[in-house]
Amino acid sequence: MGKVYVFDHPLIQHKLTFIRDKETGTKEFRELVDEVATLMAFEITRDLPLEDIEVQTPVSPAQAKTLAGKKLGIVPILRAGLGMVDGILKLIPAAKVGHVGLYRDPETLKPIEYYVKLPSDVEERDFILVDPMLATGGSAVEAINSLKKRGAQSIRFMCLVACPEGVEAIKEAHPDVDIYIAALDEKLNEKGYIVPGLGDAGDRLYGTK
């Protein structure tokens with residue numbers, strides 16, 4: 001069963017406060033999301049495997065560590081997920097970036113895949129799927145479906161703010177996917193917004209309505 005990790009790091013919580021604040025403008029909001037994504041990437045990569053190598057320092061040979069195992073891939077759910085990518089790449093610049101685009105069917109309200117572009121070596125990568133919000137969970141579940149259909153074997157989901165309904169949706173549909181979040185909020189309201197949440201992440205990132 002996939003695990004749920006809520007990051008309580010003081011810097012993450014401090015910055016998230018200003019991300020939530022409705023008075024925070026687009027420029028500052030974008031910068032804060034980028035910074036929190038970097039901090040979350042530090043936490044999410046804590047268990048990456050290491051292997052021993054030898055390097056030559058200016059003084060002598062040294063036994064040192066380097067990353068081992070699978071290569072990493074970052075996949076934002078368009079469009080709001082794009083706001084988290086650069087922050088992760090600051091720590092993991094060698095990671096490849098894919099994209100998953102979804103839209104909501106106006107009649108069924110179900111997410112429909114309209115664009116998927118992934119690295120060619122899908123099966124060899126550990127993927128971090130990112131979206132600022134985990135509300136109903138519909139988009140996240142469908143995005144995970146999109147990755148798995150193309151051969152992804154290892155997927156983690158990372159977001160800023162989630163609610164219990166979205167977490168349960170992923171756990172039910174994809175029990176093998178671990179979930180990493182900065183805050184687990186109270187609930188969804190009747191309009192499908194997380195309460196207290198932070199509003200529409202895409203609109204606040206890109207200054208749209």
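**Stop 1: the nonpolar surface patch**

Select Tyr103, Ile112, Tyr114 and Tyr115 in this predicted model. Together these residues form a nonpolar patch on the surface, with about 400 Å² of accessible area. Which element supplies the largest share of the patch? Strand 7, residues 111-117, contributes three residues. Ile112 has its place in strand 7. With a relative accessible area of 31%, Ile112 is partly exposed, because that category lies between the 20% and 50% limits.

**Stop 2: the hairpin that carries the patch**

Extend the selection to strand 6, residues 99-104. Strand 6 pairs with strand 7 in the antiparallel sense, over six bridges. To inspect one position of this pairing, display Leu102, which stands opposite Glu113 in strand 7. Six residues lie between the strands of this hairpin, and Leu109 takes a positive phi near 65° in the hairpin.

**Stop 3: strand 10 and its parallel partners**

Next, select strand 10, residues 154-162. Is this strand mostly covered or mostly uncovered? Strand 10 is mostly covered, since nine of its nine residues are buried.

The partners of strand 10 may be displayed in turn:

- Strand 8, residues 125-130, runs parallel to strand 10 and is joined to it by five bridges. Phe127 has Ile155 in strand 10 as its bridge partner.
- Strand 9, residues 133-134, pairs with strand 10 in the parallel sense over two bridges. Here Met133 has Val161 in strand 10 as its bridge partner.
- Strand 11, residues 178-184, pairs with strand 10 in the parallel sense over six bridges. Phe157 finds its bridge partner in strand 11, at Ile179.

Now show the helices that connect these strands. From strand 10 the chain crosses through helix 5, residues 164-173, to strand 11, and this β-α-β crossover is right-handed. On the other side of strand 10 in sequence, strand 9, helix 4 (residues 138-149) and strand 10 make a right-handed β-α-β unit.

**Stop 4: salt bridges**

Switch to side-chain display for the charged residues. Side chains of opposite charge can pair when their charged atoms come close. The structure holds 15 salt bridges, and several of them are visited below.

Select Lys90 and Asp34, whose side chains meet in a salt bridge at 2.3 Å, N to O. Which parts of the chain does this pair tie together? Lys90 lies in the loop between helix 3 (82-89) and strand 5 (96-97), whereas Asp34 belongs to helix 2 (residues 26-44), so the contact ties together parts that are 56 residues apart in sequence. Lys90 counts as exposed, at 54% relative accessibility, whereas Asp34 counts as buried, at 13%.

Move on to Asp203 and Arg79, which form a salt bridge with their closest N and O atoms 2.8 Å apart. Asp203 lies in helix 6 (residues 201-206) and Arg79 in the loop between strand 4 (71-78) and helix 3, so this pair ties together parts that are 124 residues apart in sequence. Asp203 counts as buried at 18% relative accessibility, while Arg79 is partly exposed, with a relative accessible area of 36%.

Then select Asp121 and Arg125. The closest N and O atoms of this salt bridge are 2.9 Å apart. Are Asp121 and Arg125 buried or exposed? Asp121 is buried, and so is Arg125. Add Lys71 and Glu124 to the display: Lys71, Asp121, Glu124 and Arg125 are linked in a network of salt bridges.

**Stop 5: Leu78 and Asp131**

Select Leu78, which has its place in strand 4. At 24% relative accessibility, Leu78 counts as partly exposed. Draw a distance from the C-alpha atom of Leu78 to that of Asp131: the two residues are 53 residues apart along the chain, and these atoms are separated by 8.0 Å.

**Stop 6: the annotated domain**

Finally, select residues 6-208. An unreviewed UniProt entry annotates this span as "domain: Phosphoribosyltransferase". How much of the span is helix, and how much is strand? The span is 33% helix and 33% strand, and its end C-alpha atoms lie 29 Å apart.

How values were computed: Residues numbered from 1 in each chain as written. Predicted model: local features only at pLDDT ≥ 70, side-chain atom pairs only at ≥ 80, totals over all residues. Heavy atoms only, no water. Patch = residues over 30% accessible without salt bridge, like charges linked within 9 Å, V, L, I, M, F, W, Y side chains within 5 Å. Areas by Shrake-Rupley, 256 points an atom, 1.4 Å probe, with all protein chains shown as cover. Salt bridge = Lys/Arg side-chain N within 4 Å of Asp/Glu carboxyl O. Helix = DSSP H or I, 4+ residues; strand = E, 2+ residues; numbered from the N terminus. Buried < 20%, exposed > 50% of the residue type's maximum accessible area, 1.4 Å probe, protein only. Pairing = 2+ DSSP bridges. Right-handed = clockwise from strand over helix to strand, strands pointing away. UniProt positions renumbered as here; feature names shortened; annotations may be inferred.
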